[in-house]
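The exercises below are meant to be worked with the sequence and the structure side by side. Try each task before reading the solution that follows.

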Amino acid sequence: MSHDTSTGPKDATSATCRHNASMMDALPFGDTQDFVDAKRGFIATLPDVEIRNDQGRVVWSLRDYAFLAHEEAPATVNPSLWRQARLNMHNGLFQVSDRIHQVRGFDLSNMTIIEGQRGLIIIDPLISTETARASLELYWAHRGKRPVTAVIYSHSHVDHYGGVRGVVDEEDVHAGNVTIIAPDRFLEEVTSENVIAGLPMSRRAQFQFGPTLFRGPRGQVDAGLGKVTSRGTVTLIPPTLIIKEPIEIHRIDGVEIVFQLTPDTEAKAEMHMFFPDLRALNLAENATHNLHNVYPIRGAQVRDALAWAKYINEARQSYAPKADVVFAQHHWPVWGNGRVLDFLAKQRDAYKYLHDQTVRLMSHGLKAAEIAEQIRFPKSLEQEWSVRGYYGTLSHNSKSVYQRYIGWYDANAANLNPHPPVERAKRALTYMGGAARVIAQAREDFAAGDYRWVADVMSQVVFAEPDNMEARALAADAYEQLGYQAESATWRNSYLLGAHELRNGTPAIIARAPVSPDVVKALTVPLFFDYLGVRLNGPKADGKRIVINWTISDVNERYVLNLENAALTYLADRHADGADATVSLERAVLSQLLMGRVTLEDAVARGLVVITGAAGKLSELFGLLDEFRLMFPVVLPQEPETP
Ligand SMILES: [Zn+2]
């Protein structure tokens with residue numbers, strides 16, 4: 001029997017049809033309260049919410065999601081995810097309460113607009129300037145044009161600050177007309193998460209959100225938190241008021257706001273906001289209508305599920321009794337004091353249960369994969385739509401709680417130092433009697449619907465023999481059915497993009513430059529040197545000794561950078577005697593060098609960088625830095641590093 005090796009997506013198999021149909025009986029689809037809430041207070045929207053940048057390129061559109069108009073899920077989408085994908089289609093300007101509005105469905109996140117005395121307080125200006133601007137203009141068109149008096153960044157993720165220049169002119173911030181408010185350590189977290197490990201996270205984020213996948217019943221349908229990430233201009237204006245105390249109360253444009261810091265929850269720098277006069281509670285991204293990620297599969301440091309539950313509990317105790325509505329920076333609000341308390345109790349307990357039961361099973365000696373297989377919510381949470389795993393899952397979240405406490409190693413010495421994937425796969429394949437035999441057996445398991453095993457074993461064949469197109473096709477077919485069955489949007493996107501790249505190879509396209517110029521501008525000089533350190537090619541640097549004094553002339557900072565033992569270190573506030581060279585430049589030139597806008601040679605030639613001493617040593621150092629390639633292979637093996 002020949003196998004279909006066509007590159008397009010396939011239909012659902014009968015096993016997938018059965019799996020997805022079974023969800024209809026397992027979950028309370030008769031409960032449609034979320035649909036009522038998602039459309040409550042609707043005022044107006046834009047046709048297809050199609051938003052373009054200055055060059056006319058579409059950076060956001062819901063047009064390609066028109067297929068979600070059908071109430072019934074196709075066989076290729078888990079019905080629970082289909083429901084969430086339909087809820088996330090609600091778009092436009094919505095009234096939350098008297099002086100609170102939200103624009104939803106104009107990006108992955110929500111923009112919240114509070115009406116103050118002089119003007120508008122904006123919470124979270126989306127990812128891109130274009131989508132943020134369109135949201136503000138939609139508000140103005142229906143509620144009247146008023147100036148923006150404050151912007152609040154609820155936390156340090158790009159979907160909560162990137163569009164700020166679409167709603168605020170930096171001149172007005174400098175003139176004191178606009179306050180920019182953020183939680184403690186906001187800027188540090190923005191820069192560290194986007195820079196040091198920013199590149200691999202960007203590539204991996206393609207698998208989590210699926211921006212490059214086609215939209216459709218066999219493609220991307222949602223991202224769990226919202227439809228997808230917008231692809232416009234990402235900016236940042238640094239905060240002018242930083243919330244540093246656990247609780248701070250401020251009157252912003254006449255509106256009293258109680259800020260509650262929630263460090264180490266959904267983001268390392270995050271905060272809740274309570275509006276006592278408006279009887280409204282905003283939980284940033286800590287209480288949304290899905291189980292969130294203690295570890296997003298794009299890659300990140302694992303978050304603290306225990307702190308997460310604790311801060312929701314405190315907000316529920318202190319503020320929820322005085323709130324008529326709770327809302328967040330994704331999804332739709334929950335109204336009515338009783339429902340607010342119930343919603344927050346379930347959110348709190350979902351993270352607490354996840355944490356405690358993982359640690360309990362870990363303490364019985366179970367390994368991460370075994371815990372992930374076994375852990376299930378109690379019935380009261382399992383039947384609760386707002387903690388279903390559309391974004392995070394109990395499976396990968398429990399592995400992450402394990403990792404946070406005791407790390408990647410399961411203490412079985414067999415797993416301490418096995419061969420790496422390609423070498424291991426080659427040996428396994430030989431023992432199993434070669435690729436043809438493995439493929440034949442795997443095809444039987446595919447027919448029986450064991451896609452998890454087929455994906456696993458075929459990935460080994462692909463890593464041993466990356467040019468074996470039959471193996472790649474069968475692996476892709478298994479990934480695809482797993483994607484069709486997934487309730488989690490992020491799992492679906494990962495499986496479907498994996499299948500696509502197995503069939504078509506690793507693409508060369510670049511979705512977006514990994515770091516925005518505004519973020520680079522906000523970097524501290526030490527972080528710039530940390531970033532140079534991770535670009536240093538160790539083997540190439542072996543045996544080199546280079547010492548460079550740096551003067552950042554306009555900000556009057558001095559550093560000494562030391563290359564020794566193939567490691568780059570630095571000390572601040574000093575220059576070394578006997579350094580090879582002294583480099584003097586302005587802070588902005590560092591940004592240009594970092595973003596590759598100018599080469600070191602050009603910068604020297606143009607007088608932007610002045611070097612005294614052995615100028616060749618600085619060029620030698622820059623020659624030891626690697627350039628990174630965004631589109632590295634993920635489901636196919638890496639080509640061996642060529643030094
Ligand atoms: Zn977000």
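**Exercise 1. Decide whether histidine 101 is buried or exposed, and place it in the chain.**

Histidine 101 has a relative accessible area of 0%, which means that it is buried (buried is under 20% relative accessible area, exposed is over 50% and partly exposed lies in between, with a 1.4 Å probe and protein chains only). This residue is found in strand 5, residues 100–104 (strands are DSSP runs of E with at least two residues, helices are runs of H or I with at least four, and both are numbered from the N terminus). As a last step, compare positions along the chain: histidine 101 and glutamate 115 are 14 residues apart, and their C-alpha atoms are separated by 8.4 Å.

Before going on, note that this is a predicted model, in which local features need pLDDT of at least 70 and side-chain atom pairs count only at pLDDT 80 or more, while totals for chains, interfaces and linings use all residues. Residues are numbered from 1 along each chain as its sequence is written, and side-chain values use heavy atoms, with hydrogens and water left out.

**Exercise 2. Find the protein donors of the zinc ion and explain why their arrangement is called irregular.**

Begin with the atoms: Asp159 (OD), His160 (NE2), Glu285 (OE) and His330 (NE2) are the protein donors, and they lie 2.0 to 2.2 Å from the zinc ion (donors are N, O and S atoms within 2.8 Å of the metal, or 3.2 Å for Na, K and Ca; water is not among the atoms, so sites may look incomplete). Next, read the spacing of these donor residues in sequence, which is D-H-x124-E-x44-H. Aspartate 159, in the loop between strand 8 (148–152) and helix 5 (170–174), and histidine 330, in the loop between strand 15 (325–327) and strand 16 (334–335), are 171 residues apart, so this pair links distant parts of the chain.

Then turn to the angles: the four donor atoms subtend 85 to 177 degrees around the zinc ion, and the arrangement is therefore irregular. The classes behind this word are that four donors count as tetrahedral if all angles lie between 85 and 135 degrees, that four count as square planar and six as octahedral if opposite donors are over 155 degrees apart and all others between 65 and 115, and that anything else is irregular. Finally, check accessibility: aspartate 159 is buried at 8%, and histidine 330 is buried at 1%.

**Exercise 3. Examine two residues with positive phi, histidine 331 and aspartate 48.**

Most residues other than glycine have a negative phi. Histidine 331 is not a glycine, yet its phi is positive, at about 65 degrees. This histidine lies in the loop between strand 15 and strand 16 and, with 4% relative accessibility, counts as buried. Aspartate 48 likewise has a positive phi, near 55 degrees, and is found in the loop between strand 1 (42–44) and strand 2 (51–52). At 35% relative accessibility, aspartate 48 counts as partly exposed.

**Exercise 4. Follow aspartate 48 to its salt-bridge partner, then study the pair formed by aspartate 518.**

Side chains of opposite charge can pair when their charged atoms come close. The side chain of aspartate 48 meets that of arginine 63 in a salt bridge of 3.0 Å, N to O (a side-chain nitrogen of Lys or Arg within 4 Å of a carboxyl oxygen of Asp or Glu). Arginine 63 lies in the loop between strand 3 (58–60) and helix 3 (79–87), so the pair ties together parts that are 15 residues apart in sequence.

Aspartate 518 forms a salt bridge with arginine 165, and their closest N and O atoms are 2.7 Å apart. Here aspartate 518 belongs to helix 18 (residues 517–522) and arginine 165 to the loop between strand 8 and helix 5, 353 residues apart. Aspartate 518 is buried at 13%, whereas arginine 165 is partly exposed at 29%.

**Exercise 5. Test whether the length of helix 9 agrees with its number of residues.**

Helix 9 covers residues 337–363, which is 27 residues, and at 1.5 Å a residue it should span 39 Å (1.5 Å times one less than the number of residues). Its end C-alpha atoms are 38 Å apart, which agrees. After helix 9 comes glycine 365, with a positive phi near 95 degrees.
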